[in-house]
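Colleague: Got a minute? I'd like to go through this model with you before I set anything up.
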Amino acid sequence: ERETLYQNSRAFFLIVNYETVLRDLRSINKSEPDLVILDEAQKIKNFTTITAQNIKMLKKKHSLVITGTPIENRISDLYSIVQFVDPTFLAPLWEFSYQHCFFDEKNLDKITGYYNLQHLYERLKPLLLRREKRSVLKELPVITQLDVPVPLHEEQQSLHASFGKTIAGILRKKFITPYDQQKLMLSLLGMRMCCDSTFLIDKETHISPKLAELKEILIEKMDLQNSLGKVIIFSEWVVMLQLIGKMLHEAGIGFAMLSGKVAVKNRGLLVRKFETDPDCKVFLSSEAGGTGLNLQVADTIINFELPWNPAKKNQRIGRIDRLGQRSKKLTVINFISRRSIEEKIAAGLGLKQNLFDGVLSENNRLDVVDLTAGGRAQFLADLELALNEMAQPPYPGPIEMEEQSMIPEFSPNEDIPNIIQEEAPEEATVNTQLTENSKTDGTVLPANMQQMEQVMQNGLNFLSGLYQMATGKSLSPDDQKISIDQHTGEVVMRFKLKL
C-alpha cells in the first residue's frame with residue numbers, strides 16, 4: 001500500500017518518519033522526489049548508524065535540513081548532518097577531522113579538543129541559515145524563565161555530602177584511574193538524584209522538598225484544577241515522574257506520562273489526550289519527550305532538575321516555543337536545590353555550549369575548545385571548588401556511611417545517563433593477625449588482590465625465564481617488584497633488565 005502511495009499519490013508532499021525510510025528506501029527512490037526535507041535532523045548526527053546511512057541514500061534534487069541542535073556532543077554531529085545536504089562540502093571525514101580536531105598522541109582515535117572553529121563557521125555560511133531567537137523576538141511569544149531555589153532536607157544534605165566526600169577523595173588523588181572516573185560519574189549522578197528525592201537513592205524513604213514546592217505551585221499559585229493552563233514537567237528519571245504522578249492523582253489533577261517505556265506508536269495518543277482532554281492538565285515527560293513532540297498547547301514548562309547538556313534544556317523549551325503556540329506568554333520554571341551540585345549545573349559547568357557557540361554563533365569568536373587532560377583538569381578543578389563551597393556551614397560536613405548502599409540501583413528501562421555501572425569489588429574481611437597470605441610489611445591483602453598478585457608473580461616468573469633463555473642471565477628478586485594499591489586497585493609490575 002505504501003509503495004502504491006509513493007508511485008501514484010497526487011499529493012504535493014509525502015510525510016514519512018525515519019524508521020519507515022529504512023524499510024521503504026528503494027520504493028521512495030523510485031518515486032524520484034524533487035525535494036527532501038529532514039525535520040529534527042539530529043536523528044542522523046551519528047554517521048555510523050543505519051538510520052543515518054539509509055537517509056543519506058535518498059535520491060533528491062534539492063534538500064533542506066531543519067534542526068535546533070546541529071551540534072549536541074561533538075563536531076562530527078554537524079559533519080554528518082551537512083553530509084546529507086552535500087556529501088563533498090566538508091571534504092572527506094579524515095581531512096575534516098585533521099582540519100578541526102586535536103588527537104591524542106598515543107590513541108589516534110581519541111579526540112582531545114577542537115580548533116580552527118572560526119574557519120569552519122566561515123565555510124558554513126553559504127549553506128547555513130541560523131535564526132536565533134533574539135533576531136526573531138517579535139515573531140515569538142514572550143518567555144519568562146524563573147529559577148526556584150529549593151532548600152535541601154537534612155537527609156538529602158547527608159546523602160549529598162556523602163557523595164561529595166567520595167568525589168573529593170577521588171579528586172585528591174595524583175592519578176585518576178578509569179575506575180575512579182566511573183565512580184566519580186556515579187557519585188555525581190547520585191548527588192543529582194538525591195536533590196530530587198531520597199527515594200531515588202535508598203528506595204525506602206521519600207523526602208522531597210521539590211515535590212512539596214511543585215504541589216504548592218500547581219495547586220496554590222496556578223490553581224491548576226480550576227484554570228485552563230497546561231503544564232509540561234520534565235525529569236530525567238522515570239521513578240521521579242511516577243512519584244509526581246502519584247501526587248497529581250492524590251490532588252485530583254489529570255495527567256499523561258511519556259517515557260522510553262512507551263511505544264513510539266502510542267506517543268501520539270498521549271499527545272492528543274493532553275491537547276484535547278480538558279481534565280488532562282499535566283504532561284509528565286522524560287528525555288524521550290525532549291525531541292520530536294509538538295506540545296504548544298502548553299504554556300508552562302517545569303524542569304524538575306536541569307540536565308547537564310544545555311542543548312537538552314533548549315530542546316525541552318522547544319516543545320512549547322514553536323509556531324502555532326496559542327499563548328502570548330510562556331513560562332519556564334527551573335527547580336534548583338540550594339547549595340548543591342544543581343547550582344553548579346545552572347552556572348554552566350561544562351564545555352559543550354562552548355563548542356556549539358564557537359561554530360554556529362556569529363558574535364562568538366571562540367576558536368579552540370579543549371577536551372584534553374588540561375580541559376578536564378579545569379573541569380575537575382571547578383568541581384573541587386564547587387564541593388568546597390558546598391561543604392561550608394551552615395550545612396554539615398560529609399557523614400560516614402556505607403558506600404555500597406549509596407550506589408543507586410536502576411531498572412534497565414529507566415531513562416538514565418549512559419554510564420557503565422560496575423559494582424566495586426567487595427573488600428574481604430581480614431584478621432589483624434598475619435597469615436600465610438600476608439605481605440612482608442605486615443599488611444593483609446583482600447582475597448581478590450591475593451589472586452591478582454599471584455597472577456602477576458607468575459607473569460614475572462615467565463618473563464624472567466624468557467630473559468634467561470635469551471641472554472643466559474638471571475633476574476634476582478631485587479630486580480622484580482609487584483605493588484598493589486589497596487585503595488584504587490591499581491596493580492603495577494616492575495622488573496629491571498641488565499643490558
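Modeller: Sure, and one term before we start: when I say contact, I mean heavy atoms within 4.5 Å. With that in mind, the cover over the buried residues of helix 5 includes helix 4 (75-85), strand 3 (101-103), strand 4 (111-114) and helix 6 (117-124). Keep in mind that this is a predicted model.

Colleague: OK, which residues of helix 5 are buried?
Modeller: Helix 5 spans residues 93-100, and Phe96, Ser97 and His100 are buried there. They sit on the same side of the helix, because the arc they cover around its axis is only 100°.

Colleague: Switching topic, what's the strand order in the sheet of 6 strands?
Modeller: The order is 5-10-9-6-8-7, in an open sheet with parallel pairing. Strand 5 (142-150) and strand 7 (254-258) are at the edges with a single partner strand each, so one side of each has no neighbour in the sheet. On average, neighbouring strands are turned by 20° against each other, ignoring direction.

Colleague: How many bridges join strand 5 to strand 10?
Modeller: There are 9 bridges, and strand 10 (residues 329-337) runs parallel to strand 5. For a specific pair, Val142 has Lys329 in strand 10 as its bridge partner.

Colleague: And what does helix 10 touch on that sheet?
Modeller: Helix 10 (residues 209-221) packs on the sheet and touches strand 5, strand 6 (231-234), strand 9 (300-303) and strand 10. The direction of helix 10 makes about 155° with that of strand 10.

Colleague: Now the nonpolar core. Which residues have the most contacts inside the largest one?
Modeller: Leu214, Leu218, Ile233 and Ile244 do, in a core of 42 residues. Helix 11 (residues 238-250) supplies the largest share of this core, with 7 residues.

Colleague: What is Ile233 in contact with, beyond four places in sequence?
Modeller: Its partners include Leu214, Leu218, Leu241, Ile244, Val282 and Ile302. There's also a second, separate core of 18 residues, with Val271, Phe283, Ile317 and Ile320 among them.

Colleague: Last thing: where is confidence lowest and where is it highest?
Modeller: Among the elements, helix 15 (residues 352-360) is lowest with a mean of 61, while strand 1 (residues 35-38) is highest at 96. For the protein, the mean pLDDT is 77, and 68% of the residues reach 70 or more.

Colleague: And what about residues 394-445?
Modeller: pLDDT stays under 50 there, although the model has 79 contacts beyond four places in sequence for that stretch. Where pLDDT is low, the predicted coordinates shouldn't be read in detail.

Conventions. Residues are numbered from 1 along each chain as its sequence is written. This is a predicted model: local features need pLDDT of at least 70, side-chain atom pairs count only at pLDDT 80 or more; totals for chains, interfaces and linings use all residues. Side-chain values use heavy atoms; hydrogens and water are left out. Buried means under 20% relative accessible area, exposed over 50%, partly exposed in between (1.4 Å probe, protein chains only). Helices (H or I, at least four residues) and strands (E, at least two) are DSSP runs, numbered from the N terminus. The arc is that of the directions from the helix axis to the C-beta atoms. Two strands pair if DSSP finds at least two bridges between them. Axes are lines fitted to C-alpha atoms, for helices over the stretch in contact, and angles run from 0 to 180 degrees between N-to-C directions. A nonpolar core is a set of buried Ala, Val, Leu, Ile, Met, Phe, Trp, Tyr and Cys residues joined through side-chain atoms within 4.5 Å. pLDDT is the predictor's confidence in each residue, from 0 to 100.
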